Structures are given as C-alpha cells and as structure tokens.
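Thanks for sharing this one. I went through the model and put my comments into numbered points, so you can follow along on screen.

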There are 2 protein chains.
Amino acid sequence: MTFHYPNGQSFSQKNPRDRALKKETTFANRGMRFEEAINQSNEYYLTHDKAVVHKKPTPLQIVKVDYPKRSAAVIKEAYFRQPSTTDYNGVYRGYYLDFEAKETKNKTSFPLKNFHQHQITHMQQCLNQDAICFVLLWFSSLNRCFFLSAEELVNYWSRQENGKKSIPLTLIETVGIEITPQIAPRIPYLKAVEQYLEKRSLSNG
Amino acid sequence: MTFHYPNGQSFSQKNPRDRALKKETTFANRGMRFEEAINQSNEYYLTHDKAVVHKKPTPLQIVKVDYPKRSAAVIKEAYFRQPSTTDYNGVYRGYYLDFEAKETKNKTSFPLKNFHQHQITHMQQCLNQDAICFVLLWFSSLNRCFFLSAEELVNYWSRQENGKKSIPLTLIETVGIEITPQIAPRIPYLKAVEQYLEKRSLSNG
C-alpha cells in the first residue's frame, strides 16, 4: 500500500529509513569483529608504548554542513569516496608500518576480490620506500590469522591474469606468518613484524 | 520578518542555508592555501617516487546513511570528531614521517594556540617510536616557511605554564630549518627532513 502526502512524498509500509538502517547494520558488521580486534590491539600497543598505529578515517566528500546556534555542526550531505591508501599505518621502532586487514569465510583459500587495485598500487609505492607493508588475513571459519607481506601479495596479484582468483591456504601457510590470537593484544601482529624483519635482514645480509 | 509555516518551521529573510554556506566557505578557506601547497607537494613526491605521504581524512561520526536505489549512498547526518593524530603521515626511505601544517598572519612569533594537546600527545608517542616528527610553519605575511622538529615544539609546549604563549620567530630561525617555496614541489620539505636526519645522526654518533 502506497499513498501520497500533499507534498508529493510517498508513504509506504516499507519505511525507507528502515531500509537504510538495515543496510547500515549489514555494512557495519561486514568484517567488523576482526577489525575491532585489530583496533583493540592498536590501542594496546599505543598504551604500552610499543607502536603508534591508527586506522585511517573513511574519506568522505562533504557537500552540505549546517551550523545550528549553540550546538555542534551537522553534516547534512556527504558521500563516500574511494580511499587512496590502505586502512592502517603507523610507526614501530622507527619503522613505517602500513597494512590492510581482511577476512574470509573460505576454508581453503583467500579470495583476491577482497583487494582493490588502489590498495595494491599504494602497497607497491610503500615498498619502493622500504616500508614494512603487509596484510592481516583472517579465516573466520578456521579461527586462523596470518601475516602476509605485501611483496608476496603484490607478486601473487600480478599473476592474476593467469587465472588465479585466490591465494591457497597452503601457500599462505608457507610464505606467511601465522598469528595466534591472545587475550591482549588480541592480534599480536608485532610478533609477526619482528619475524619478518629478522628474515628480511638475513636475506639482505 | 519571521512567519511560521503550518508545519511549525519558521521562515525568515535570513535563509539558514545561506548562513551555513557562508560559514562553510570560511571554514574551508582557513589555512587552505598552505594546506593546498602541502598536498600538491605530497602529490609531486608520490608521482616522482620520492615519498608516500597522504593527508588523513577528517574523522566523522556517521549517524544516518540513505541508500537510494540506483545511486550512491548518501550520508544524511554526521558530526565532526576530534582527531587523535596529526594531519599527515607517510614513509620516506624507510623512515616514518608524521607532521602537522599550520599558518599564522603574525610577523614576529608563532602562536601556540594553533596546536592542541592531542596533537602534542601524539607527537610525543611518535617520538618514543623514533619517528621523524615535525611541524611545517607558514608565516603568511612574511612568505616564510619553517620546519620545526617535534622535539623542539614539545619542549617549548611544556614550558607554556611559564607564560609563553607563542614561539618567537627568532627562536624558530635558530632551531628550525627554513624551507624556500619553489615551483615544484611547492614546499620542498624533504630537503629539510634530510638536513634534520644529518643533524640527528651527527648528534647520535
């Protein structure tokens, strides 16, 4: 049933606001628990003076802002923009860290569709500047987490044209570093960073 | 003259949207030209493979999102949040860079009110991790730009209680590094970073 208000706006049983709220929840929950675990780990590392890593805010194009009297400015119209970087960056013992956190329900491989070209391009630019650049992969059905260096990811990505649409878990187990979740920090990814640094200094020396 | 629509909303000669637009312009222009010069310099450094530095998006609290059929999601209600970091960070030759860009019309000193406690706290956390952390100061009336290390700024900030409300230009000339604007990159701040690194390695060795 739909009828029209005098102002021309329609009213229907399906309230468009409900629809928006439902989709919002879906959007917010996608990958939320793993992201939350990373954010809490960053918080832990920050308060324990181990590293300074923050999630970047979502980039928005702000179109309209209201400035009500005696209260905070309200953004009334804005749009999501394509980010030009990865989600996380920061500093650990002088090293620049840069990473992305992704999860899958798959049990045998990690789908490459979780990554976008702009993220791969950014990772390549960071690698050119000797950054410590990586992805944290979460297999939610297996409860397993891996550190995979951007060198490996970019290498695999460039071979996509050969028909490879996902990275086999067996390969991730070989070239990645497994991270066992803990109580605090929940995802102790700095341990993997340390292992990666050791391996890198050995192969450079 | 103000009268009320049947829906209770008032109409007045001063259109509230005009007011919003006017304030928006003011907000957008504050410090805009210097920031624009920094952003263009970052772009230059990125495309020339010299450094990967991006401005962080403004953090917003998103409250309401509409998902119209066949068009992009529209944010209908959001609020500005207090950032927990500085505006810029990135990587240069393996070094983590972190900085804030500020400008003043003053001619003899740089007012400390341009900085906020959360920025100083973040800079101190970065310094603890051996970051290259600094501020770029622009004296718009003098057309002069300076690199000032976070060590110097934090040091000066901690002495604020002694009644110092701004950093004298004479001190900035002594402990900072002047950056002469160019055509491209407009603010060649990596030169100052290089000088800072040389000075640091000399005092550490």
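Which residue is the bridge partner of B:V53 in strand 6 of chain B? The points below begin there; please keep in mind throughout that this is a predicted model.

1. **Strand 6 of chain B and its first partner.** The residue facing B:V53 is B:G90. The pairing that holds this bridge joins strand 3 (residues 52–55) of chain B to strand 6 of chain B, antiparallel, with 4 bridges.

2. **The other partner.** Strand 6 of chain B also pairs with strand 7 (residues 95–104) of chain B, again in the antiparallel sense, and here there are 5 bridges. If you want a landmark, look for B:Y88, which has B:F99 of strand 7 of chain B opposite. The two strands make a hairpin with 2 residues between them, and B:R93 has a positive phi near 45° in this hairpin.

3. **How enclosed is that strand?** Strand 6 of chain B covers residues 88–92, and because 5 of the 5 are buried, the rest of the structure largely encloses it. Both faces are covered: B:Y88, B:G90 and B:Y92 are buried on one side, as are B:N89 and B:V91 on the other.

4. **A contact across the chains.** I would turn next to B:Q129, in the loop that runs between helix 3 (117–128) and strand 9 (132–139) of chain B. Is B:Q129 buried or exposed? Its relative accessibility is 4%, and since buried means under 20%, B:Q129 counts as buried. Beyond its neighbours within four places in sequence, B:Q129 contacts A:D49, A:K50, A:A51 and A:V52, along with A:V91, A:Y92, A:R93 and A:G94. With A:D49 there is a polar approach too: a polar atom of the B:Q129 side chain is 2.9 Å from the backbone oxygen of A:D49.

5. **A sheet built from both chains.** Which strands make up the open sheet, and in what order? There are 4 strands, arranged 4(A)-5(A)-5(B)-4(B), with antiparallel pairing. Strand 4 (60–66) of chain A and strand 4 (60–66) of chain B are the edge strands, each pairing on one side only. Ignoring direction, neighbouring strands of this sheet are turned by 30° against each other on average. Within chain A, strand 4 and strand 5 (residues 74–80) run antiparallel and are joined by 6 bridges. A handy place to check the register is A:V65, which stands opposite A:I75 in strand 5 of chain A.

6. **The annotated site in chain A.** An unreviewed UniProt entry carries a "binding site" annotation covering A:T85, A:D87, A:E100 and A:Q119. These positions are spread over 35 residues of sequence, yet they cluster in space, with a largest C-alpha distance of 9.2 Å.

7. **Two members of that site, one by one.** A:E100 sits in strand 7 (residues 95–104) of chain A and counts as buried, at 2% relative accessibility. Residues up to four places away in sequence aside, A:E100 touches A:T86, A:D87, A:Q119, A:M123, A:F134, A:V135 and A:L136. A polar atom of the A:E100 side chain is 2.8 Å from the backbone nitrogen of A:D87. A:Q119, for its part, belongs to helix 3 (residues 117–128) of chain A and is buried as well, with a relative accessible area of 5%. Its contacts beyond four places in sequence are A:T85, A:E100, A:K102 and A:N114.

8. **A buried loop residue in chain B.** B:I187 lies in the loop between strand 12 (177–179) and helix 6 (189–204) of chain B. Its relative accessible area is 4%, so B:I187 is buried. Outside its own stretch of four places either way, B:I187 is in contact with B:F34, B:A37, B:I38, B:S41, B:Y45, B:C145, B:I179 and B:P181. The C-alpha atoms of B:I187 and B:Q40 are separated by 8.5 Å, although 147 residues lie along the chain from one to the other.

9. **Chain A as a whole.** To finish with the overview, chain A has 6 helices and 12 strands, and 42% of its 205 residues count as buried. Among contacts in chain A with a separation of 6 or more, 61% involve residues 24 or more positions apart. The accessible surface of chain A is about 11600 Å², and carbon and sulfur atoms contribute 50% of that.

Definitions and conventions: Residues numbered from 1 in each chain as written. Chains lettered and ligands numbered in written order. Predicted model: local features only at pLDDT ≥ 70, side-chain atom pairs only at ≥ 80, totals over all residues. Heavy atoms only, no water. UniProt positions renumbered as here; feature names shortened; annotations may be inferred. Buried < 20%, exposed > 50% of the residue type's maximum accessible area, 1.4 Å probe, protein only. Contact = heavy atoms within 4.5 Å. Polar contact = N/O pair within 3.5 Å; in protein donor to acceptor, adjacent residues only side chain to side chain. Areas by Shrake-Rupley, 256 points an atom, 1.4 Å probe, with all protein chains shown as cover. Pairing = 2+ DSSP bridges. Axes fitted to C-alpha atoms, helices over the stretch in contact; angles between N-to-C directions.
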